[in-house]
Amino acid sequence: MEMEQEFELIALVYQLEEAGYRFANVSDEELHQAFMNNQDLRDLAVPRAA
């Protein structure tokens with residue numbers, strides 16, 4: 001993964017976490033593969049309890 005793509009992935013994960021999603025049970029590799037396959041990362045996340 002290129003550095004620019006890595007920054008995009010990190011920024012996207014951060015935005016989703018700020019929006020109330022969490023990735024506690026998702027590995028970095030799973031996030032990377034989903035990102036590279038243009039999968040919606042919200043499919044891997046779970047909403048944070050209020």
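**Group meeting talk: helix H1 and its surroundings**

Hi everyone, let's start with helix H1, which runs over residues 3-18: its 16 residues reach 22 Å from the first C-alpha to the last, close to the 22 Å expected at 1.5 Å a residue. Please keep in mind that this is a predicted model.

Which residues of H1 are buried? They are Leu-9, Val-13 and Leu-16. These three cover an arc of only 65° around the axis, so they sit on the same side of H1. As a reminder, an α-helix has 3.6 residues a turn, so residues three or four places apart point the same way. And what covers the buried residues of H1? The cover includes strand S1 (21-22) and helix H2 (28-36).

Now let's turn the helix around. On the face of H1 turned away from the buried side, we find the exposed residues Met-3, Glu-4, Phe-7, Tyr-14, Gln-15 and Glu-18. Two of those names come back in a nonpolar surface patch: Met-3, Phe-7 and Ile-10 make a patch of about 350 Å². Phe-7, as you can see, is part of helix H1.

Glu-18 is worth a stop too. This residue belongs to helix H1 and counts as exposed because its relative accessibility is 57%, where the cut-off is over 50%. If you want a feel for distances, take Glu-18 and Leu-44: they are 26 residues apart in sequence, and their C-alpha atoms are 15 Å apart in space.

On to the backbone. Just after H1 comes Gly-20, with a positive phi of about 110°. Where else should we look for a positive phi? At Asn-38, which has a value of about 60° although it is not a glycine. For context, most residues other than glycine have a negative phi. You will find Asn-38 in the loop between H2 and strand S2 (46-47). Is Asn-38 buried or exposed? With a relative accessibility of 72%, Asn-38 counts as exposed.

Last topic, charges. How many salt bridges does the structure hold? The count is 1. Asp-40 pairs with Arg-42 in a salt bridge, and the closest N and O atoms are 2.7 Å apart. As for exposure, Asp-40 is partly exposed, with a relative accessible area of 31%. Its partner Arg-42 also counts as partly exposed, at 42% relative accessibility.

That's my tour, thanks for listening!

Methods
Residues are numbered from 1 along each chain as its sequence is written. This is a predicted model: local features need pLDDT of at least 70, side-chain atom pairs count only at pLDDT 80 or more; totals for chains, interfaces and linings use all residues. Side-chain values use heavy atoms; hydrogens and water are left out. Helices (H or I, at least four residues) and strands (E, at least two) are DSSP runs, numbered from the N terminus. The expected span of a helix is 1.5 Å times one less than its number of residues. Buried means under 20% relative accessible area, exposed over 50%, partly exposed in between (1.4 Å probe, protein chains only). The arc is that of the directions from the helix axis to the C-beta atoms. Contact means heavy atoms within 4.5 Å. Patches are made of residues with over 30% relative accessible area and no salt bridge: like charges are joined within 9 Å, nonpolar side chains (Val, Leu, Ile, Met, Phe, Trp, Tyr) within 5 Å. Accessible areas come from the Shrake-Rupley method with a 1.4 Å probe; for residues, only the protein chains shown count as cover. A salt bridge is a side-chain nitrogen of Lys or Arg within 4 Å of a carboxyl oxygen of Asp or Glu.
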